[in-house]
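Please look over the sequence and the coordinates below before reading on. The text then goes through a helix, some cysteines and a cavity.

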Amino acid sequence: MYKGTNASAGIGIGKVTIVEEQELVIKREMVTDSAVEIQRFKGALEASMKQTEALAADLATRVGEKEAEILNGHMMLLADPILTGEIEGMIQNDSVNSEFAIETVCTNYADMFASMEDELMQQRAADMRDIKTRMQKVLLGIQSVDIASLPEGSVIVAKDLTPSMTAGINPSNVTGIVTELGGRTSHSAILARALEIPAVVALTGILSQVKDGDRIVLDGSEGMVIVNPEDEVLAQYQGKREAFLKEKKELEKYMGRPSVTKDGVCVELVANIGKPEDVDKVLQYDGEGVGLFRTEFLFMDRNAMPTEEEQFEAYKKVAVALDGKPVIIRTLDIGGDKEIPYMGLEKDENPFLGYRAVRFCLDRKDDVYRPQLRALLRASAFGNIKIMIPLVTCIDEYRAVKALVEEIKAELDEKGIKYNPGIQLGIMVETAAASLIADIFAREADFFSIGTNDLTQYTMSVDRGNDKISYLYSTFNPAVLRSIKRIIACAREAGIMVGMCGEAASDPMMIPLLLAFGLNEFSMSPSAILRARKMITEYSTQELQAVADKAMSFATAQEVECYMKEFVNS
């Protein structure tokens, strides 16, 4: 039995099909006619664009527009004049072959993205390597592995799968994916979940343990892989697979049902989204609104800032689609760790403690913050939009944003432009400072949303991307739990809504605790909503008080987690 990272839930049973891409050998070669070589590069660029466009169109038809956006992002990279300009410049100035220029320029960008703290930007590294390889293959006349026509019952085992390779998989033939590299948030993992193919990633050395045709079982929920299992083990996992599929079918019964506990406590189950197109998934999974719209995605993968009008249309689209359901939109959360070239940000030595989020926005009121807030206010005339401020650490920041919002309201009034005058302005509670003065914030803010990813990181002083200290990064740590409980209590006492938009909101072992603490709103990935609703309807908040009291009596994260796991499984 081998243990990797759980990337896509479900049980996969089949025969190993090793997918190995031909290793490209790129050499620096001198060219005599740079103009001809640039045309050669442009031909490969155009062919790669057409390949990607066809793949994106196929994915949109088979899976959805949201998933196709990943490959549309590839097309934006391929069309980026800065990237192509650097490649052409290198061919022209250094008289080198296209393959080498592509290798050099794209690798530099990929390395830059990979070194960033932000997971989203790290995904850009894989995307950049993907488009690099695609262009080089066109130039070298090398065909990619035909992953779409693998035999039925295949479990793909590979070093890694690029997003374009994953997008080409036929789910009716592939029952699982196992890779040596990758992570849960990689675009390949996101696509595997969208295609509903069980996947285990980051399983170092698995290629040396298997050969084509080996029988293999993988548990994408637990991150487990078993090669050539005994008949008894195989039967056990076949039973698990049937149970998983049955449970998935049963979850459909919770469509349209209220999210109410056995003792009548009603909560909201809403979704986290990054683009307007994501709203389709919210509706598909019966989400009761949007608890977090990450607006920074609108600013990325482009060469200039989105205009106020572009932002207005994006926010309006979500508000109209949700037809009165709440839409909490977080104002721009970028900084030293999210490098957007046209923003002119200097790299911070310690980006998570640096010039980012509300700190950056308040410093760039005129060109960044005012247009966004104006777009949000205008869009509020078309639905139930609420504005949320990220990374707030002191009441002065909240008051500064509120004053700016009031200024913009006055400007809109003068021009006769409609907006919701009662629009709510809340904060993300995601720092230790905000937690400690939650009572002060609760007297002025209209709502809270707890960001457990950063709250855990800041409370525990742990860089969540550092493997060496990852054992300290746990929402079940008593310090983090006490912080969450206090934030909720302060909000409830002040009579304001308190939600959660971090990973913990959909964690089956956290949901009972959050219900007991009195959380009003749970925001999560759309696909997690029905499972969370099923759990919530099976609990009584009164009965959960004793469970929460017991959990809070433990001294370590491990003790709390073990206790909650035992409770949920029982």
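What follows describes one helix, then the cysteines, then the enclosed space.

The model is predicted: local features need pLDDT of at least 70, side-chain atom pairs count only at pLDDT 80 or more, and totals for chains, interfaces and linings use all residues. Residues are numbered from 1 along each chain as its sequence is written, and side-chain values use heavy atoms, without hydrogens and water.

Helix α4 covers residues 98–114 (helices are DSSP runs of H or I of at least four residues, strands runs of E of at least two, numbered from the N terminus). Its 17 residues should span 24 Å at 1.5 Å a residue, the expected span being 1.5 Å times one less than the number of residues. The end C-alpha atoms are 24 Å apart, which agrees. Buried residues of α4 include F100, I102, V105, Y109 and F113; buried means under 20% relative accessible area, exposed over 50%, and partly exposed in between (1.4 Å probe, protein chains only).

The whole structure has 0 disulfides, a disulfide being a pair of cysteine sulfur atoms within 2.5 Å. For C501, the nearest cysteine sulfur is that of C361, 16 Å away. C501 is buried, at 5% relative accessible area, whereas C562 is partly exposed at 47%.

Where is empty space left? Rolling a probe the size of a water molecule over the atoms shows this. On a 1 Å grid over the protein atoms alone, a cavity is a set of points where a 1.4 Å probe fits but cannot get out. The structure holds 1 cavity of 30 Å³ or more.

How values were computed
On a 1 Å grid over the protein atoms alone, a cavity is a set of points where a 1.4 Å probe fits but cannot get out, and a pocket is an open set with protein on both sides within 12 Å along at least five of seven lines; lining residues have an atom within 4 Å of a point. Grid points are joined across faces, edges and corners, and a volume is the space filled by probe spheres set on the points.
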